[in-house]
Amino acid sequence: MKTIKHSLRSSVLSAMTLLASSALSASELDIRIAYLGYLEDRGPVLSNSFPEPEDSGLRGAEVGIKDNNTTGRFLKQRYHLEALQSDNPEQLLEKAQSLYAEGVRFFVANLPKAELKALHSQVGEGSIIFNAGSKDDALRVNECIPDMLHTIPSRAMLADALGQWLAAKRWNKWLLITGQHPDDQAYAAAVKRAAERFGSRIIEEKSWSFDTDLRRTAQQELPVFTRSRDYDVVIVADERGDFGEYLPYNTWLPRPVAGTQGMTPVAWHKVVEAWGAAQLHSRFEDHAERWMNEQDYASWAGVRTLGEAVTQTRSDDPETLREFILSDKFQLAGFKGRRLEYRHWSGQLRQPIPLVHPRALVSLSPQEGFLHPVTDLDTLGFDAPESQCRVK
Amino acid sequence: MFKKRLLPTLLASALLASSSVFAGTAFVSNERDNTITAIDTKSWEVIKTFDVGMRPRGILLNSDYSKLYVCASDSDRVEVYDAKTFEFIKDLPSGDDPEQFALHPNDRLLFIANEDDDIVSVIDVETNQVLRQIEVGIEPEGMGVSPDGKWAVNTSETTNMLHWIDTETLELVDNTLIDQRPRHVEFTHDSKLLWASAEIGGTVTIFDVETRQEVHKINFAIKGVHPDRIQPVGIQLTQDGRYAFVALGPANHVAVIDAKTYEVLDYLLVGRRVWGVGLTPDDKYVISTNGVSGDVSVIDVDKMQVIKTIQVGRYPWGVVAAP
């Protein structure tokens, strides 16, 4: 097979020269897209066997650029990524400003809320900015950043995806365990909202504040900690992955664990392989030599959204592209089994949410039977009447 | 490997004796079982299930129905079987991850979509030679060759284009944009029109081959089925030019279309996640592959109804039928 493959490759060059003469007639476009990634100090965590990749998000943007260029070469469109990752927010904003001064108007931002706001105030005028990092619900509800598009799902979308599935299984009594970090509190708030929306009950909420090394004492600490009135499921809110990994199989009652660990609602995961996703994974893994995670997916989706809009409009004008992206003509094939579009209130990318455990897909929300007058995808997260944001 | 090649030989003589009484044979590729199911198209019984390479998807027959070609996607090769005895004949080079393919009417040139490499490979099936590799868009999928032999058309699922290849020069001569995730192309039997399905776009577009311009676009609506679940994939056109059949994926229906007026006449309920459709050569039956239910449905074209469901392997993908 090796030798055949080799001989196959040798003829590719000649094929490439053919391309130049066969492009669709169109004016040439060079599209520069900035990627800004904040490297967060996640602090020490007890569960440190599987560190998060440092280039989460960036690799997805790179694959998105490659995808855009493969299509673009038939249309004389070329895409370039201007990327910076840093643990210094100032440096990231400076980079954004200097790119803006050079005329860059497209930004994919993997930044926390405060930095997103700063980014918008400095380079927002006439730009299209994608939030590919922050799941903050307020950004979709009452702390709206004008015109911002969000490719990463909000915490509410993730919690609702889980809440629907639990409701469908009639696992209605939840024990909620929340970490100390403000992000954990925000996740817990989304879980509580989901419980209320889908008819479940938080029978007790416990706050995890132990600081023993759980790798050694999980078996002693957690069974006692999860003693409570009868519950169907333990929901854990531990975004950094401090203690949550130790909950499965260590609960007082023989119950499953879901939330930030155990079975998790995610934007993307290796185990999502239907709907052509296997092909996206193999492109990504060839490029990054690791699995594609949800930050990679969100950045990829931002870059691909621009590519799709440029392909269809043959324009690089941000206003023309924004109008197209928010029109009913726009659709992104995002390997989730249906077309993806942006909500006209929050600028949030509508998307199905996979529920996964580390080795398999469990389900995909919205669950059957959760209905909505416009699209069942809007049963996940904050709907138009609940949001003060309007991007269109 | 040894088992796979020996077994058909042993059974060949027995099968040869009985094959003459078969009305015809339909072949179904089972993507997650690495097998082909052969079905008698008169009794609608499974005749045999035989092992092939890994992840079989695209499947076709040559013009005299004597040879069965199978894309073994994860084995990175095309396999050739005797369509009567099911005996393994040979492997063909295919490039990486062959998904769909189309055979030129000259029975020599095989156009293969290499999904992971953004390439269409052209193989001479007699000499086993790779004649050309042509760069196309991302995730090349659908492949069709016009019955007059002039055109090969490939669809790229993520680039969302049809790539038009001149079969004489083997050069890419045109690219046309189409709705999201184009999956399948089918030429009309007079080679004048090309039907192309867009899975995520939810449409089938008909192109004029000479001008390569859109002639018509078909939309679908099924009562009680969310529009997002209507995902057209496989297309079949009857020889007499009357009907088109389009598999609608997770909508679990096959659309029946008047091929002249483009009017959707009916939606027939089949199994779950229907991707492939295949006509028997006499235009009497359409067979649909229902991936998630692991079965195929048989549609009687005269009655326009599903007459039979037959269990096959896991995730049936492609289907083709010999007389």
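Mentor: Before we dig in, two strands pair if DSSP finds at least two bridges between them. Strands (E, at least two residues) and helices (H or I, at least four) are DSSP runs numbered from the N terminus. This is a predicted model, where local features need pLDDT of at least 70 and side-chain atom pairs count only at 80 or more, while totals for chains, interfaces and linings use all residues. Residues are numbered from 1 along each chain as written, with chains lettered from A and ligands numbered from 1 in written order.

Trainee: OK, what does chain B average in pLDDT?
Mentor: That's the predictor's confidence in each residue, from 0 to 100. In chain B, 93% of the residues score at least 70. The average for chain B is a pLDDT of 93.

Trainee: And over which residues of chain B does pLDDT stay under 50?
Mentor: Where pLDDT is low, the predicted coordinates shouldn't be read in detail. The stretch in chain B has 17 contacts beyond four places in sequence, a contact being two C-beta atoms, placed from the backbone, within 7 Å. The stretch under 50 is residues 1-22.

Trainee: What ipTM does the predictor give the complex?
Mentor: There are two scores for the complex. The pTM is 0.86, and the ipTM is 0.77.

Trainee: Which strands stand at the edges of the open sheet S24-S25-S26-S27 in chain B?
Mentor: The four strands of this sheet pair in the antiparallel sense. Each edge strand has a single partner, so one of its sides is left without a neighbour in the sheet. The edges are S24 (274-279) and S27 (305-311) of chain B.

Trainee: Which residue stands opposite Ser288(B) in S26(B)?
Mentor: Strand S25 (residues 285-290) and strand S26 (residues 295-300) of chain B run antiparallel and share six bridges. Opposite Ser288(B), in S26(B), is Ser297(B).

Trainee: By how much are neighbouring strands of the open sheet S3-S2-S1-S28 turned against each other on average?
Mentor: This antiparallel sheet of chain B has four strands. S3 (46-51) and S28 (316-322) are at its edges, so each has one side without a neighbour in the sheet. Ignoring direction, the average turn between neighbouring strands is 20°.

Trainee: What is the bridge partner of Ala26(B) in S2(B)?
Mentor: S1 (residues 25-30) and S2 (residues 35-40) of chain B run antiparallel, joined by six bridges. For Ala26(B), the partner in S2(B) is Ile39(B).

Trainee: Over to chain A: how far apart are the axes of H3 and H11?
Mentor: Axes are lines fitted to C-alpha atoms, for helices over the stretch in contact, with angles from 0 to 180 degrees between N-to-C directions. H3 (residues 58-72) and H11 (residues 294-313) of chain A pack at about 25°, which makes H3(A) roughly parallel to H11(A) (under 35 degrees; over 145 is roughly antiparallel, 65 to 115 roughly perpendicular, the rest oblique). Among the contact residues are Gly60(A) and Gly64(A) of H3(A), plus Trp300(A) and Gly307(A) of H11(A). The axes of H3(A) and H11(A) are apart by 7 Å.

Trainee: Are H7(A) and H8(A) parallel or oblique to each other?
Mentor: H7 (residues 155-168) and H8 (residues 182-197) of chain A have axes that come within 8 Å and cross at roughly 45°. Their contact includes Leu158(A) and Leu162(A) of H7(A), with Tyr187(A) and Val191(A) of H8(A). H7(A) and H8(A) are therefore oblique.

Trainee: Which residues of chain B does the UniProt annotation "domain: YNCE-like beta-propeller" cover?
Mentor: The annotation comes from an unreviewed entry; UniProt positions use the numbering here, names are shortened and annotations may be inferred rather than shown by experiment. In the model, the span is 0% helix and 58% strand, with end C-alpha atoms 33 Å apart. The record covers residues 66-161.
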